[in-house]
Amino acid sequence: MQLAVEGEEKMSIVPKETIEVIAQSIGITNLSPEAALMLAPDVEYRVREIMQEAIKCMRHSKRTTLTASDVDGALNLRNLEPIYGFGSGGPIRFRKAIGHRDLFYTDDREVDFKDVIEAPLPKAPLDTEIVCHWLAIEGVQPAIPENAPLEVIRAPAENQIYQQKDGPLIDIRLPVKHVLSKELQLYFQKIAELTLSKSNPSLFKEALVSLASDSGLHPLVPYFTNFIADEVSRGLNDFLLLFNLMHVVRSLLQNPHIHIEPYLHQLMPSVVTCLVSRKLGNRFADNHWDLRDFTANLVALICKRFGNTYITLQSRLTKTLVNALLDPKKALTQHYGAIQGLAALGHNVVRLLVLSNLEPYLSLLEPELDAEKQKNQMKSYEAWRVYGAILRAAGLCIHDRLKIFPTLPSPSPSFPSKGKGKVISTEPNKRKLGVDSSENRSPHKRLIATDGSDGGPSPMQVDRPTGDANPPQNSVRPSSSEQASDGNAPESRNAKEKDDSKGRAITRKAILDQIWKDDLDSGRLLVKLHQLYGDRILPFIPSTEMSLFL
Amino acid sequence: MDPEQVDEFVMGYLKKKGFNSAAKHLQESLHNNNGSSFSSIDYPNDPELTKLIRSFSQSENDPSRYREGYSKLRSWGYNSLDLYKHELLRVMYPVFIHCYMDLVGKGHTQEARSFFNSFRKDHEMVHLRDLQKLGGVLAPSHLQEMEFARSLRQSKINIKICQYSYDLLIQYLHRTESTLMLGIINEHINFQVYSGQPNSASDDIEAVTIVGSFHETADHVNQKEIHWGLLEDSLEDRLEKTGGLLSDSEKGQGESKAGDDSKKRSAEIGKQGSSTKKLKKDKAGTATTKVARQETSTVLSSMPRVKPELAMPVMSTDVEESILEDLRNRVQLSSVAMPSVSFYTFVNTHNGLNSSSISHDGSLVAGGFSDSSIKVWDMAKIGQAGSCALQDDNNQIVGKNGRRNYTLLVGHSGPVYSATFSPPGDYVLSSSADTTIRLWSTKLNANLVCYKGHNHTVWDAQFSPFGHYFASCSHDRTARIWSMDRMQPLRMMAGHLSDVDCVQWHPNCNYIATGSSDKTVRLWDVQTGECVRIFIGHRSMVLSLAMSPDGRYMASGDEDGTIMMWDLSTARCITPLMGHNSCVWTLSYSGEGSLLASGSADCTVKLWDVSSSTKLTKAEEKNGNSNRLRSIRTFPTKSTPVHALRFSRRNLLFAAGAYYMSDTVGSIFLNFDRFGIMAVFVNMSRDLRRATCDAIDRRSQIVVRFAVA
């Protein structure tokens with residue numbers, strides 16, 4: 001305890017005025033100042049005495065907070081009558097008087113008897129109970145809710161405190177040593193082995209399921225993050241290993257019992273590495289494109305889950321990716337990864353970051369695409385991959401863009417003839433699927449072409465299937481003016497429904513007009529895209545909208 | 001110096017001292033002789049004498065002389081050679097408090113206070129609690145009233161100091177003619193001068209602890225012989241005899257290792273001198289059993305054995321059997337083999353739980369409450385219904401079948417400060433602020449006896465290790481020994497200078513240890529009622545005690561969170577165990593004495609490795625290494641201060657504590673108008689580390705502020 005006395009030069013810390021006031025309050029009016037002066041130190045002594053006893057009572061009540069009952073107990077010990085009325089209930093509220101630094105008064109409101117009498121009986125307080133749990137099992141604290149929060153997260157700070165306080169008395173250990181049971185160690189070893197061995201894919205799959213669903217793995221998370229970071233930095237040449245590691249990351253993310261946030265900052269670099277590294281795997285046959293695609297989805301997953309808690313996460317990520325994309329010195333593979341990553345982050349990101357840079361980038365890509373200029377087949381193939389990726393990103397973006405217009409297909413459910421409506425609404429999807437598959441197919445074809453023919457793929461060759469898939473649009477589009485299409489499209493699309501009701505058609509036309517005005521800019525975007533990509537963008541445009549624009 | 005001047009001085013001195021008749025005679029003789037009466041003394045040629053006369057003639061009542069003298073001495077002390085500094089600074093504290101008390105005694109309250117406040121910072125670190133007490137002394141009458149102050153005034157303080165430091169100090173005092181300081185030092189300090197180099201600064205704690213006249217008596221008391229050995233024919237022995245047959249290979253290994261230690265120990269015991277005499281007698285008396293024991297060659301058998309001085313209760317065979325069974329199944333604990341800890345959390349106590357205890361087998365838990373009630377839970381029953389009770393909160397208020405699931409024992413008329421179980425768990429002993437101790441039966445759920453005898457609140461009561469006898473301690477500064485069948489206490493132990501706060505039996509039942517607010521722990525002989533050991537070293541009130549199972553060591557925990565480990569035979573602190581930062585409520589040794597568990601208000605249970613210390617004691621005493629005991633594990637609880645700890649006979653650790661409802665610690669306000677203080681309010685910081693306690697007078701000024709750290 002420490003005693004800070006205010007007003008050092010006074011005889012006693014109780015001023016004589018206080019004594020005088022008290023004397024008056026009990027009816028002694030003629031107390032001489034000398035007597036008050038003499039009494040003051042004694043009052044202070046008595047108060048200290050009572051407080052000392054009160055502290056004893058507090059200690060014996062196994063508390064570290066002094067309460068009114070302790071003071072009563074102290075008065076009892078001195079054979080004095082306790083002061084009544086303070087032991088019950090909660091703390092009395094004191095209020096600070098306005099304008100005075102240390103003037104307090106009790107917030108004592110007048111109570112109406114009637115209110116007190118009519119008030120419902122208070123709830124009986126909960127009765128004392130005993131709850132039993134394991135604080136430690138053979139020296140290790142189990143991670144159960146009854147115990148203090150996990151040591152894994154807290155331990156470093158705690159150790160620091162001990163270090164400062166106790167100096168050499170406490171031996172500092174790694175916090176994790178305390179918590180990692182033998183079983184967990186074994187589990188970790190097994191998982192690490194499986195990840196590294198690559199020989200037993202079925203078992204590895206089982207392991208991934210276990211990682212994604214088992215509870216109680218949390219103590220291992222720091223180990224896993226370390227493991228992943230180490231292996232990624234070491235095994236950039238080992239494609240399969242990287243793929244396995246990314247699977248592990250995904251499983252960890254999926255596990256609902258794991259609190260992975262604190263380790264995200266360790267995990268992200270490894271993941272991003274797998275996305276935009278120059279070289280992943282050392283063999284030609286390694287399909288690092290797949291790995292990049294997978295990782296892109298992973299990144300998107302992380303951003304979706306933790307983007308709210310870590311506001312900077314996505315912005316930092318996109319910055320990294322855009323930097324990788326816009327740096328002409330970076331390899332094409334890196335560009336590919338960056339594009340896929342951005343595409344996975346959502347259409348808004350693509351629209352804002354990719355489409356705005358599309359023109360300069362495509363001009364950069366142009367020479368690489370040209371078979372005559374770029375002799376290296378590998379390079380040319382990569383360029384085409386990138387081209388495909390960027391096309392897909394842009395296409396999906398514009399597709400999404402067009403889809404969000406109060407949706408042309410949306411009126412269809414309101415049609416009386418539901419069957420027909422369905423036909424219409426499903427048609428674009430089907431079409432899109434077809435387009436997607438054809439788009440997806442094209443790389444394979446390209447691959448075959450690269451493998452098979454010496455001449456290298458020409459744009460025409462590649463695009464033919466897509467072109468074939470949508471001949472009408474192709475033929476119509478260049479000739480038609482936009483205004484004309486505005487009027488024509490609904491008519492042609494909805495010709496079947498003409499007999500339904502003309503009135504409806506008219507209203508729909510009005511809606512479409514509205515929409516068209518709203519999204520003139522996206523229309524412009526489409527035009528721009530078309531200028532850049534030529535016909536290749538068309539498969540992405542849903543047929544309804546397509547007809548609308550054409 | 002003129003003879004007339006001398007005469008004047010003498011006259012002044014005599015008058016001041018009140019020797020009126022002597023002064024009159026002197027005046028008369030002066031008139032008669034018309035010359036100096038001191039002509040026979042050659043004072044003009046004796047400068048020392050002149051100075052002395054001068055100093056006597058100075059107005060002695062000048063309070064500023066204390067401040068001057070002390071501050072000079074202080075600055076000299078701080079500027080002295082580093083090697084001797086700490087020894088010289090040790091002198092400062094007694095001088096400081098005596099200066100202060102002199103000033104108060106002479107009625108210079110104001111000067112006393114300003115003196116106190118200007119220098120108290122120097123001593124706060126070590127003597128905080130003493131200073132706090134002294135700070136309240138403001139009038140001469142308080143000096144008389146307060147026991148602490150009185151004992152300080154009456155006794156001399158022993159200070160060990162090396163020859164050179166002593167010379168330095170005396171030289172300084174003479175050179176600067178600070179007779180006042182010299183007077184205080186002569187009056188209140190007893191120097192124990194030794195030749196050689198000064199001790200290192202940190203080694204002896206005793207040097208800085210001042211507890212009145214304790215030291216001489218303590219030194220004297222601590223010479224007495226004690227027999228810390230275990231009882232003959234104890235259950236452990238019996239186990240070993242039978243255990244020789246049962247023990248498997250790994251147990252045998254452990255024992256052979258321990259056997260080596262026991263050899264060392266027996267060699268040590270040989271040096272103990274006086275205490276071994278009786279041992280030999282004992283051994284001679286039980287020569288035949290001795291031979292049998294030597295064959296088993298285990299730790300315990302080589303320990304000295306003593307006969308019980310009390311008539312021991314007879315243990316029923318089935319109880320004995322179950323204890324033997326437990327001992328056989330005991331888990332061996334060490335710094336690598338940690339115990340499991342089962343924690344009993346009291347919820348909804350509404351700050352009313354004063355004490356709790358756990359029976360030896362962990363099946364019963366008792367709580368003493370401030371509403372005078374005692375509640376006993378049978379954990380075996382709760383264990384059956386416990387899981388479902390946890391699930392729905394509504395059922396928690398009343399038990400499953402509409403009844404509360406504890407036994408309520410009502411009888412006390414004041415807060416219950418302790419409730420403990422008898423070793424077999426068939427009785428509960430409770431002590432209360434109503435000055436009584438009550439004995440309850442857990443079988444009948446009823447009060448059996450009410451023991452009256454103490455004059456004040458009974459803080460603690462503990463059964464002896466074999467039951468039947470129990471010890472109690474109280475605010476009336478006594479500890480008492482009782483037996484269950486007598487209404488009156490059998491022995492009364494008086495000697496502590498303040499409340500006796502905790503009591504603990506020695507495993508052999510011949511001694512009890514008591515911890516007190518006077519910051520000492522005492523060991524008492526149960527048979528004679530004499531104090532046989534005084535342990536000095538704590539800096540605040542002692543709250544918990546534990547005896548090692550081999551009876552050789554004792555651990556005590558205090559208000560500041562320090563735990564001290566004592567060697568009973570030498571009354572020396574082996575080492576302080578630092579780590580807790582708040583009150584240590586409870587201590588418990590593991591069954592074989594290798595681990596010490598401590599529970600504290602800082603919401604942790606700590607385990608300390610004490611086996612290494614006991615092995616290396618001798619070797620390390622020479623090295624002077626005091627940091628060898630270490631905390632090997634800390635278990636934080638979820639904001640639950642730990643009230644009670646108990647190692648079961650099988651070495652499972654049970655802990656109990658009351659969940660502290662949230663951290664919203666508000667203020668508590670009281671009316672104090674009887675003392676002119678209108679209100680006191682207590683503010684607690686969120687981390688429960690600091691509290692301030694303000695007293696407010698009628699004009700709403702803060703008049704006293706205590707800060708509790």
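Q: In which sense do strand 30 and strand 31 of chain B pair, and over how many bridges?

A: In this predicted model, strand 30 of chain B runs antiparallel to strand 31 of chain B, residues 653-658, and five bridges link the two. A position within this pairing can be read directly, since B:Val642 stands opposite B:Gly657 of strand 31 of chain B. When you follow such a strand in the viewer, keep in mind that in a regular strand the side chains alternate between the two faces of the sheet.

Q: What is the strand order of the open sheet that holds strands 30 and 31 of chain B?

A: The order is 4(A)-5(B)-31(B)-30(B), an open sheet of four strands with mixed pairing. Its edges are formed by strand 4 (129-136) of chain A and strand 30 (642-647) of chain B, and because each of these has a single partner strand, one side of each lacks a neighbour in the sheet. From one strand to the next, the twist averages 20°.

Q: How do strand 4 of chain A and strand 5 of chain B pair, and which residue stands opposite A:Trp134?

A: Strand 4 of chain A pairs with strand 5 of chain B, residues 341-347, in the antiparallel sense, and this pairing extends over seven bridges. Within it, A:Trp134 faces B:Ser342 of strand 5 of chain B.

Q: Is strand 4 of chain A largely enclosed or left open by the rest of the structure?

A: A place at the edge of a sheet and burial are separate readings, and here both should be taken. Strand 4 of chain A stands at an edge of its sheet, yet six of its eight residues are buried, so the strand is largely enclosed by the rest of the structure.

Q: Which strands stand at the edges of the sheet 6-7-8-9 of chain B?

A: This is an open sheet of four strands with antiparallel pairing, and its edges are strand 6 (353-358) and strand 9 (406-410) of chain B, each of which has a single partner strand and therefore one side without a neighbour in the sheet. Ignoring direction, neighbouring strands of this sheet are turned by 20° against each other on average. Strand 7 (residues 364-369) and strand 8 (residues 373-378) of chain B pair in the antiparallel sense over five bridges, with B:Ala366 opposite B:Val376 of strand 8.

Q: Why does the salt bridge of B:Lys375 with A:Asp127 join two chains?

A: The general idea is that side chains of opposite charge can pair when their charged atoms come close. In this case B:Lys375 and A:Asp127 form a salt bridge, with their closest N and O atoms 3.9 Å apart. B:Lys375 belongs to strand 8 of chain B, whereas A:Asp127 lies in the loop between helix 4 and strand 4 of chain A, so the pair joins two chains. Both B:Lys375 and A:Asp127 are buried.

Q: Are B:Arg480 and B:Asp476 buried or exposed, and what of A:Glu17 and A:Lys16?

A: B:Arg480 and B:Asp476, whose side chains meet in a salt bridge at 3.3 Å from N to O, are both buried. The salt bridge between A:Glu17 and A:Lys16, at 3.8 Å from N to O, has another setting: A:Glu17 is partly exposed at a relative accessible area of 32%, and A:Lys16 is partly exposed at 26%. Over all chains the count comes to 19 salt bridges.

Q: Which residues of helix 10 of chain B are buried, and what covers them?

A: A helix is read by its periodicity: an α-helix has 3.6 residues a turn, so residues three or four places apart point the same way. In helix 10 of chain B, residues 179-188, the buried residues include B:Leu180, B:Ile184 and B:His188, as well as B:Met181, B:Leu182 and B:Ile185. Among the elements that cover them are helix 4 (64-78), helix 5 (82-105) and strand 2 (189-194) of chain B. In helix 4 of chain B lies B:Glu68, which is partly exposed with a relative accessible area of 46%.

Q: Which residues make the nonpolar surface patch of about 480 Å², and where does A:Ile117 lie?

A: The patch is made by A:Val111, A:Phe113, A:Val116 and A:Ile117. A:Ile117 lies in helix 4 of chain A, residues 113-118, and its relative accessibility of 68% is why it counts as exposed, the cut-off being over 50%.

Q: What share of chain B is buried, and how many helices and strands does chain B contain?

A: Buried residues make up 55% of the 709 residues in chain B, which contains 20 helices and 35 strands. The accessible surface of chain B comes to about 30,200 Å², with 50% of this area belonging to carbon and sulfur atoms.

How values were computed:
Residues numbered from 1 in each chain as written. Chains lettered and ligands numbered in written order. Predicted model: local features only at pLDDT ≥ 70, side-chain atom pairs only at ≥ 80, totals over all residues. Heavy atoms only, no water. Buried < 20%, exposed > 50% of the residue type's maximum accessible area, 1.4 Å probe, protein only. Areas by Shrake-Rupley, 256 points an atom, 1.4 Å probe, with all protein chains shown as cover. Pairing = 2+ DSSP bridges. Axes fitted to C-alpha atoms, helices over the stretch in contact; angles between N-to-C directions. Patch = residues over 30% accessible without salt bridge, like charges linked within 9 Å, V, L, I, M, F, W, Y side chains within 5 Å. Salt bridge = Lys/Arg side-chain N within 4 Å of Asp/Glu carboxyl O. Contact = heavy atoms within 4.5 Å.
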